[in-house]
Amino acid sequence: MIQVMNLSHAFKIGKRGNEKSIPVLKDIDFRVKQGEIVSIVGKSGSGKSTFLHVLAGFMVPQKGKVLINGTETSTFKEAESAAFRLENYGFIFQNFQLMPRLNAFENIELPLKLQGIDRVKRHEKVKALMKETGLDNVADHYPNELSGGQQQRVGIARALITNPPIIFADEPTGSLDSETEQDVLLLIQSLNQTHGITFVIITHDEEVAHIANRMYTMHDGQLTEGSDQRAI
Amino acid sequence: MQFKDQIDFVRQHIRRNKLRVFMTILAATMGTAFLIVLASVGFGIHDTLRDEMLSNRLVTEIQVYESDDAQNLEEEVDSFKKIEHVKAVINQQRLGTNSETILEDYEGYHDFVVSDFKEEAKVGFELKEGRLPQEAHEVVVGSDFGTALYIESEENEELTTYEGKLIGEQFSYAIENIEGDFVEDPMTFTIVGIGEHPTKEWEYDRNIFADVSVLPELEKLYNADDEKDMDPWYSNITVYADKVENVSKVSKEIKEQGYYTYSISDELKQLDVFFLALKAGLIFVGTIAILIASIGIFNTMTMAVTERTREIGVMKAIGANPKLIQRLFVMESAWIGVMGTVIAILLSYGVSMIANYILPIIVFSALGEGNPDDFEIVFSVIPWQLIVIASIISIGVAVISGWRPARKATKIDVIQALRQEL
């Protein structure tokens, strides 16, 4: 499903002519099968977020390839990448990243609007999913009227609404207390089982990482499969 | 994203910043209304002057003169009538011999003009009173007919002019024949109408106007031979076009037949050119006001983009096309432009109506005269063309002002935007 080959990337800092290159991703090889939950664990600054950004198409890597179901996405132009994301990916963010002036219902509806789906169909889908994710009683609540856990549920529902084959989660429980964290993790697991969605979860929390079928660790830009104590 | 949803999206954003958007619309409204009202004055004064010129039949009038190549003008009257767009051809013939008019005890001298009143009626022979002649012995007299009829007072030898009623009165008219003798049997005419006073205050009209049917009788009295040289009549031929636009076409055809022509519409063209330049100048000045308003739109849109950086980042992350984001912002600024324009149009019509009602009162009271019934000043006219021009300029400027902020929105880096604090 996801295949990454020889991926390397470096950030350039400093003024022009006197730039320094700081490598953040070093020769990464990575594979994810359909329906898996894969977690990438690493300390802050290890390069795991950059890796997610490359996977999601937010940035173009300097070296290497990213293939999604055989399609090379790492060479996409901005508009192509956006269109691909809309159809194939869902995103769960640490800060939920909900639209503050849209209510829960409208936030979940947004990707369907972007897809140009009919209002009636949209509403049907959103209502059904809100029920499934336990949000049906907060449909007209705005993000600032929701608890952290509820906001993240809305975030998850928004990621899920287009039935994407892959969902990327960047520290999905980073802003939640431990009780809510468990709720969210259970929801992710259940969605993975019922919808067969592939999850790639970035986290610094080993407990979160343990819900995954496979775990990778990122350390200084290098990715290795399995638990690496240096990385946690 | 469906167009309807795009509209909803834009409306939602506008609702969020009501005050700021309102102020921007207000600026756009003022700029556009300024343009429309300013240019409407140009249109208004132009129309007033044009109407004034058009209202007297002079504008569609083409005076025709004989030239060296073509001298049989009178015979051509019928052929002129056949030219396309000719409304009427009037051949006014003035009697060039001595005459004497007697009404009751008053005597005087009046010019005698013969014309085809069927043709005159087509272009509107203006009467102060009465009707046009229908028979050979019926006449219309000029407004100052009575002032040329005198009676000598026996007491102090002063001359008194006729001030009695004219309509229905009969007078006798004697002419000198070709030998220079007054005819013994003068003709009798009944006055059926009085002509309108000439537009120029100082002019007077003492003519007698009779229908062309009286011509054979008068010629018999004059006793001229058939030779043209002995004819006592002086012809003045005027051709009237149906519309001002056709004057040049008709003129051209008459010229092609070898005659000279003159028309006031030649001068009207110069007036039009002058006012076209004036209107263009006024629209240009008005456009500057819109450009000033556009700074407000640019500012509002730039702030909107800056404020929504994180939201734009989220939208891009979940798959919004950069072009869609650009379109949403351009639509927002276009909406400001459209609202500003619509309100400005309504406002301008209001201002225009008030100006047309109040300004003439001020002008005429400043001049110390009442508003004369026959002269109407229109200060401001808003034709649809002005609305179209102003709308294009205003909405165009709004879209251009929103363009750069919208481009900026598409360039927002997703990663940076997502890192922004809530």
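Q: Which residue with a positive phi follows helix 8 of chain B?
A: That's B:G319, with phi near 120°. Keep in mind that this is a predicted model.

Q: What makes helix 8 of chain B, residues 309-317, count as mostly covered?
A: Just tally it up: 9 of its 9 residues are buried, and buried means under 20% relative accessible area. The buried set takes in charged residues such as B:R310, B:E311 and B:K316, along with B:I312, B:V314 and B:M315, among others.

Q: Why is B:M301 called buried?
A: Its relative accessible area is 0%, and the cut-off for buried is under 20%, so B:M301 qualifies. You'll find B:M301 in helix 7 of chain B. Its C-alpha atom is 8.2 Å from that of B:S401, although the two are 100 residues apart along the chain.

Q: Is B:I295 buried or exposed, and how do you know?
A: Exposed: the relative accessibility is 57%, and the word applies over 50%. B:I295 also lies in helix 7 of chain B. It's one of the residues in a nonpolar surface patch, together with B:F34, B:F284, B:V285, B:I288 and B:I292. The patch adds up to about 600 Å² of accessible area, and helix 7 (residues 265-307) supplies its largest share, 5 residues.

Q: What makes B:D242 partly exposed?
A: Its relative accessible area is 35%, which falls between the 20% and 50% limits, so neither buried nor exposed fits. B:D242 sits in the loop between strand 13 (233-241) and helix 6 (247-256) of chain B. On the surface, B:D242 joins B:E84, B:E245, B:E253 and B:E256 in a patch of negative charge.

Q: Why is the pair A:E36 and A:R214 called a salt bridge?
A: The closest N and O atoms are 2.7 Å apart, and the rule asks for a distance within 4 Å, so the pair passes. The bridge links distant parts of chain A: A:E36 is in the loop between strand 2 (20-32) and strand 3 (37-42), A:R214 is in strand 9, and their positions lie 178 residues apart. A:E36 counts as buried at 11% relative accessibility.

Q: How do you know that A:E171 and A:K48 form a salt bridge?
A: Their closest N and O atoms are 3.9 Å apart, and the limit is 4 Å, so the pair still counts. A:E171 lies in the loop between strand 7 and helix 6 of chain A and A:K48 in helix 1, so the bridge ties together parts 123 residues apart in sequence. Both ends fall under the 20% limit for buried: A:E171 has 9% relative accessible area, and A:K48 has 6%.

Q: What makes B:D78 and B:K81 a salt bridge?
A: Again it's the distance: 3.7 Å between the closest N and O atoms, against a limit of 4 Å. Both residues lie in helix 3 of chain B, 3 residues apart, about one turn of the helix. In an α-helix, residues three or four places apart point the same way. B:D78 and B:K81 also belong to a network of salt bridges with B:E119 and B:K122.

Q: Why is the B:E119 and B:K122 pair called a polar contact?
A: The side chains come to 2.9 Å, and the cut-off is within 3.5 Å, so the label holds. B:E119 lies in helix 4 of chain B and is buried, at 6%.

Notes
Residues numbered from 1 in each chain as written. Chains lettered and ligands numbered in written order. Predicted model: local features only at pLDDT ≥ 70, side-chain atom pairs only at ≥ 80, totals over all residues. Heavy atoms only, no water. Patch = residues over 30% accessible without salt bridge, like charges linked within 9 Å, V, L, I, M, F, W, Y side chains within 5 Å. Areas by Shrake-Rupley, 256 points an atom, 1.4 Å probe, with all protein chains shown as cover. Salt bridge = Lys/Arg side-chain N within 4 Å of Asp/Glu carboxyl O. Charge placed at Lys NZ, Arg CZ, Asp CG, Glu CD. Helix = DSSP H or I, 4+ residues; strand = E, 2+ residues; numbered from the N terminus. Buried < 20%, exposed > 50% of the residue type's maximum accessible area, 1.4 Å probe, protein only. Polar contact = N/O pair within 3.5 Å; in protein donor to acceptor, adjacent residues only side chain to side chain.
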